[in-house]
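Reader: I have a sequence and a 3D structure to look at. Can we go through them in short steps?

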Amino acid sequence: MAAGVARTALMVAAARAVETHRPDALARDTYAQHFVRAAPACSTWPVHPAQVPGGESNPLWGRLGRYFALRTRAFDDSLLRQTTAGVRQVVLLGAGLDTRVYRLPLPGDCTVFEIDQQDVLDFKQHTLDGLGAHPRAGRVTVASDLRGDWLPALSAAGFDATRPTAWIAEGLLLYLPSAAERRLIDTIDAHSAPGSGLVYEVKHGTESPAVRDSPVYKAARDQIGVNLLTLFDPDPRPDSAHDLTERGWHTSVRTPFHYTDHYGRGPREEQDDALAANRWVFATR
């Protein structure tokens, strides 16, 4: 858990930890700080606002951290709406250090499948076991690489394609090759019963050189050694929201700033903004 995409999972966990201690927190995750402190490479990362150099003005832990919290809140609320409507099967694609099954009031008869690579799942499980944490609903981990054929492993773990499913891909598609994104969307479409929902994040268009030089990307490189720009797949992105609409899904595409307005807190758009190209897609069948 020290390099590449796995390291970004720790970055998001640190942002959630910092957010948890804010008085106006958009989302609270009491487990997040323990993941960060369990990884030696992240021992100096902040897990509390008082530990953030420059406070809210810090591009990484202030602005980008608040973005992660806003995304978490919007995706949390989407999931809770679906379970309130009766959905009892959840699939977290690229689950990373997500703790929704531990911290959200999910129905006890709900089953949450967490798909990620084995080393990420092992690190997460070891940390949670050390805390004596217990999930609020059924939790099933599935070790698989989402760039390949992951459905057989999910099905073997008990996934039932005849039941409505809440699919969540938080911070995943940005890192997938475009062909893998198409396969993932195709697989979800082919195995989603009526009443299913899908929430995911994508980038819209190509970022300009000025955006790629933005303080957010520089701060991630300088403060924690994560070069996000090298992790994003450079190929042109498919228009997955349009594809889903063509297949009969109802889709809503929002900018993060829409939810800043909705919740009354979060990042506001800036000039040459690294967040401005991000889109959150909410789709229902």
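Reader: In which sense do strand 5 and strand 7 pair?

Author: This is a predicted model. Strands of a sheet pair through backbone hydrogen bonds, either parallel or antiparallel. Strand 5 covers residues 197-203, and 7 bridges link strand 5 with strand 7. V199 stands opposite F282 in strand 7. The sense of this pairing is antiparallel.

Reader: Where is S78 found, and which residues is S78 in contact with, leaving aside its neighbours within four places in sequence?

Author: S78 is found in helix 3. Its relative accessibility is 6%, so S78 counts as buried. Leaving aside neighbours within four places in sequence, S78 is in contact with V199 and F282.

Reader: What is the order of the strands in the open sheet?

Author: The sheet is built from 7 strands, and the pairing is mixed. The order is 3-2-1-4-5-7-6.

Reader: Which strands stand at the edges?

Author: The sheet is open, in the order 3-2-1-4-5-7-6. An edge strand here has a single partner strand, so one side of it is left without a neighbour in the sheet. The strands at the edges are strand 3 (138-143) and strand 6.

Reader: By how much are neighbouring strands of this sheet turned against each other on average?

Author: Take the strands in their order, 3-2-1-4-5-7-6. Ignore direction, and the average turn between neighbouring strands is 15°.

Reader: Which strands does strand 1 pair with in the parallel sense?

Author: Strand 1 and strand 2 (residues 111-116) pair over 5 bridges, in the parallel sense. L92 stands opposite E114 in strand 2. With strand 4, strand 1 has 3 bridges, again parallel, and V91 stands opposite W167 there. So the order 3-2-1-4-5-7-6 fits, and the partners are strand 2 and strand 4.

Reader: Which residues point each way from strand 1?

Author: In a regular strand the side chains alternate between the two faces of the sheet. Strand 1 is mostly covered, with 5 of its 5 residues buried. Q89, V91 and L93 point one way, and the other way point V90 and L92.

Reader: What angle does the direction of helix 3 make with that of strand 7?

Author: Strand 5 and strand 7 pair over 7 bridges. Helix 3 packs on the sheet and touches both, along with strand 1 and strand 4. The direction of helix 3 makes an angle with that of strand 7 of about 5°.

Reader: And what angle does the direction of helix 12 make with that of strand 7?

Author: Helix 12 packs on the sheet too, touching strand 6 and strand 7. The angle with the direction of strand 7 is about 80°.

Reader: Why are the buried residues of helix 12 on the same side?

Author: The buried residues of helix 12 (residues 256-263) are P256, F257, Y259, T260 and Y263. They lie on the same side of helix 12 because they cover an arc around the axis of only 155°.

Reader: Which exposed residues does the face of helix 12 turned away from its buried side carry?

Author: The buried residues of helix 12 pack against helix 3 (59-84), strand 6 (250-254) and strand 7 (278-284). The face turned away from that buried side carries the exposed residues D261 and H262.

Reader: Is D272 buried or partly exposed?

Author: D272 lies in the loop between helix 12 and strand 7. Its phi is positive, about 50°, although D272 is not a glycine. Buried means under 20% relative accessible area. D272 has 38%, so D272 is partly exposed.

Reader: Which residues is P238 in contact with, leaving aside its neighbours within four places in sequence?

Author: P238 lies in the loop between helix 10 (228-231) and helix 11 (240-246). P238 is buried, with a relative accessible area of 12%. Neighbours within four places aside, its contacts are S178, E181 and R182.

Reader: What radius of gyration does the protein chain have?

Author: The secondary structure comes to 12 helices and 7 strands. Buried residues make up 54% of the 285 residues. A compact globule with 285 residues would have a radius of gyration near 19 Å. The protein chain agrees with that, at 18 Å.

Technical notes
Residues numbered from 1 in each chain as written. Predicted model: local features only at pLDDT ≥ 70, side-chain atom pairs only at ≥ 80, totals over all residues. Heavy atoms only, no water. Buried < 20%, exposed > 50% of the residue type's maximum accessible area, 1.4 Å probe, protein only. Helix = DSSP H or I, 4+ residues; strand = E, 2+ residues; numbered from the N terminus. Arc of directions from axis to C-beta. Contact = heavy atoms within 4.5 Å. Pairing = 2+ DSSP bridges. Axes fitted to C-alpha atoms, helices over the stretch in contact; angles between N-to-C directions. Rg over C-alpha atoms; globule rule 2.2 N^0.38 Å.
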